[in-house]
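Biologist: Please take a close look at the aromatic rings of this model and at the parts of the chain around them. A formal account for a first-year student would be welcome.

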Amino acid sequence: MFDCAKDVRAYHDQDVTLPKSEQDAMRDRRNSNRTRLRNGLSDAGKPAPLEFVKQGSYAMKTMVRDPDNDYDIDDGVYFRKEDLVGDRGAEMTSLQTRQMVRDAVDDGKFKRAPEVRSNCVRVFYEKGYHVDLPVYRRGMTPPARGDEYHYELAASSGWKRSDARDVSNWYEDERAKSTDGVQLRRINRDLKKYARSRYSWRGGILSGFGITVLTTERIRVSAREDRALYDTMVAIRDRLTWNLQVAHPVTPGDYITSGTDDAKARSFREKLTEAIDTLAPLFDADCTREKALKCWDKVFATTFFSERLEEERRASVA
């Protein structure tokens, strides 16, 4: 395989992973959101949050750049179960709790008002991204002893046993078990970037979380970054060829996919096959650097790789 390891790594560092400026901006807005919620709850005489816990790709650091700032930042808000009591002393329902959070975070300054969603409260920002606030309650695990707690999500179906930290902890465990947990995260980001590289694919392809699970399952670590990405693509494609189901890593019996012939998983398998076929010329004995970089451009629907070659040529002439 023609060696484009430095180019693939450069693409990740410059066009895939989020720059520090964007990470800082997201963290600042997340913190402002937390302050807004605390103040809104206090002003309304509602219970104060027990804690906030970042979650999802934001917590796992697998977010990728998006030209339209279509970012989904998840920031879980936790309450004590005994504090979530209505005006008449009855236990607050999951919907009432989400409505309470929505009302508290809405200070009237948003162009689009925050909304109650099925499993969270969504706060919209003008730049294009949004912050999701999943709401949890912490209760004592019977028989109550010490700090033995269980956590429940305010879901559309009611209070559902769940704790977002379980997923983040699972991911860190998988990275620790890998021979190169840092590369695993980079390849994870590259595959998510590929799945969102065409607008027409969005909404019809496997979710970022599903891609993350498959990456941890089939990562192929290599000293060469391009080889690690290619071999992982092949391994995931082959895995999906014999089984399209992707199990939830921390919720026994739950699946990220729907049924044995999940359309989104099938779409991801087909797109991986397209990428693998596009990269086939890299294995030809007469493959040139120009040809190889054009193949990588086609995979990611970019001009990054060819432009990198042009820069090298200009530098050589100079």
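Modeller: The account below begins with one pair of rings and then moves to their surroundings. The model is predicted, so local features need pLDDT of at least 70 and side-chain atom pairs count only at pLDDT 80 or more, while totals for chains, interfaces and linings use all residues. Residues are numbered from 1 along each chain as its sequence is written, and side-chain values use heavy atoms, with hydrogens and water left out.

There are 15 aromatic pairs in the structure. Rings of Phe, Tyr and Trp (its six-membered ring) pair if their centres lie within 6.5 Å; planes under 30 degrees apart are stacked, those over 60 edge-to-face, and the rest tilted. One such pair is formed by Trp-170 and Phe-209: the ring centres are 6.3 Å apart and the planes stand at 90 degrees, so this pair is edge-to-face. Trp-170 belongs to helix α5 (residues 165-177) and Phe-209 to helix α7 (residues 208-218), so the pair ties together parts that are 39 residues apart in sequence. Helices (H or I, at least four residues) and strands (E, at least two) are DSSP runs numbered from the N terminus. The two partners can also be described by their accessibility. Trp-170 is buried, at a relative accessible area of 11%, whereas Phe-209 is partly exposed, at 23%. Here buried means under 20% relative accessible area, exposed over 50%, and partly exposed in between (1.4 Å probe, protein chains only).

Aromatic residues also form a cluster, made up of Tyr-11, Tyr-194, Trp-201, Trp-296, Phe-300, Phe-304 and Phe-305. Ala-301 lies in the loop between α10 (289-300) and α11 (304-317). This alanine has a positive phi of about 55 degrees, although it is not a glycine. Its relative accessibility is 45%, and Ala-301 therefore counts as partly exposed.

Other rings lie beneath a charge. The charged end of Arg-239 sits over the ring of Trp-242, at 5.8 Å from its centre; for this, NZ of Lys or CZ of Arg must be within 6 Å of the ring centre and within 35 degrees of the ring normal. Helix α8 covers residues 225-242. This helix of 18 residues reaches 27 Å from its first C-alpha to its last, close to the 26 Å expected at 1.5 Å a residue, where the expected span is 1.5 Å times one less than the number of residues. Of the 18 residues in α8, 13 are buried, and the helix is mostly covered.

Gln-183 offers a view of α8 from another helix. Gln-183 is placed in helix α6 (residues 181-195) and is buried, at 2% relative accessibility. Not counting residues up to four places away in sequence, Gln-183 touches Arg-220, Val-221, Ser-222, Arg-224, Glu-225 and Ala-228, contact being heavy atoms within 4.5 Å.

The charged end of Arg-112 sits over the ring of Phe-124, 3.7 Å from its centre. Strand β4 spans 121-124, and the loop between β3 (115-116) and β4 holds Ser-118. Ser-118 is partly exposed, at a relative accessible area of 42%. Apart from its neighbours within four places in sequence, Ser-118 is in contact with Arg-98, Ala-154, Ala-155 and Ser-156.
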